Amino acid sequence: LELLARLLDDFKAVQAGVTVAVAQLDHDALRNHSHILIALAGAVGADVLQAAAVSLNAVARRADDAAALELVEDVLPQITGLLGQLAHVAARLARVG
């Protein structure tokens with residue numbers, strides 16, 4: 001349950017970081033947050049999110065603002081959905097445990 005709580009916190013932090021980075025068109029921050037997202041998504045088997053994070057990281061390296069904005073529109077809802085799933089699992093485990 002502690003690991004799941006940590007994952008939730010990490011995903012929330014990345015979601016907030018990506019949101020701020022793209023709003024400020026901060027390519028370095030977007031690259032850093034997308035790099036963390038690649039690892040987090042991989043850790044939970046979220047392959048589609050992981051692939052999107054890899055693409056986001058690449059466009060952040062190229063400083064491609066238009067592509068970054070477009071990818072973030074895909075990535076943020078995926079993170080939100082995953083957060084909901086993880087919270088559901090955490091709640092179920094808390095009831096059992």
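## Charges and contacts in a four-helix model

The protein carries 7 positive and 11 negative side chains, and the centres of these two sets lie 8 Å apart. Please keep in mind as you read that this is a predicted model. With the charges introduced, let us look at the overall fold and then come back to the side chains that pair up.

### Overall fold

The protein has 4 helices and 0 strands. Read from the N terminus, the elements follow the order α-α-α-α. Helix H1 covers residues 2–23, helix H2 covers residues 27–43, and helix H3 covers residues 47–62.

How does the radius of gyration of the protein compare with that of a compact globule? A compact globule of 97 residues would have a value near 13 Å, and the protein has 14 Å, so the two agree. The C-alpha trace spans about 45 × 20 × 20 Å along its principal axes.

Turning to the surface, the accessible area of the protein is about 5500 Å², and carbon and sulfur atoms account for 58% of that. Of the 97 residues, 38% count as buried. If we take the contacts between residues at least 6 apart in sequence, 65% of them join residues that are at least 24 apart.

### Salt bridges

How many salt bridges does a search of the whole structure find? The search finds 3, and here they are with their N to O distances.

| Salt bridge | N to O distance |
|---|---|
| Asp10 and Arg6 | 3.1 Å |
| Asp28 and Arg31 | 2.9 Å |
| Arg62 and Asp64 | 3.8 Å |

Let us take them in turn. Asp10 and Arg6 both sit in helix H1, 4 residues apart, which is about one turn of the helix. Is Arg6 buried or exposed? Arg6 has 52% relative accessibility, and because the cut-off for exposed is over 50%, Arg6 counts as exposed. Its partner Asp10, at 22%, counts as partly exposed.

The next pair belongs to helix H2, where Asp28 and Arg31 are 3 residues apart and so separated by about one helical turn. Asp28 is partly exposed at 45% relative accessibility, and Arg31 is partly exposed at 27%.

In the remaining pair, Arg62 is exposed, with 56% relative accessibility. Asp64 is partly exposed, with a relative accessible area of 27%. Arg62 also falls within the residue range of helix H3, residues 47–62.

### Where helices H2 and H3 touch

Ile38 lies in helix H2, and Asn57 is found in helix H3. Which residues is Ile38 in contact with, leaving aside its neighbours within four places in sequence? They are Gln50, Ala53, Val54 and Asn57. For Val54 there is also a backbone distance to note: the C-alpha atoms of Ile38 and Val54 are separated by 6.3 Å, although the two residues are 16 apart along the chain.

Seen from Asn57, and not counting residues up to four places away in sequence, the residues touched are Arg31, Ser34, His35 and Ile38. Asn57 has 8% relative accessibility, and because buried means under 20%, Asn57 counts as buried.

Arg31 links the two parts of this report. The side chain of Arg31 meets Asp28 in a salt bridge, and Arg31 is also among the residues that Asn57 touches.

How values were computed: Residues numbered from 1 in each chain as written. Predicted model: local features only at pLDDT ≥ 70, side-chain atom pairs only at ≥ 80, totals over all residues. Heavy atoms only, no water. Helix = DSSP H or I, 4+ residues; strand = E, 2+ residues; numbered from the N terminus. Rg over C-alpha atoms; globule rule 2.2 N^0.38 Å. Buried < 20%, exposed > 50% of the residue type's maximum accessible area, 1.4 Å probe, protein only. Contact = heavy atoms within 4.5 Å. Areas by Shrake-Rupley, 256 points an atom, 1.4 Å probe, with all protein chains shown as cover. Lys, Arg positive; Asp, Glu negative; His and termini not counted. Charge placed at Lys NZ, Arg CZ, Asp CG, Glu CD. Salt bridge = Lys/Arg side-chain N within 4 Å of Asp/Glu carboxyl O.
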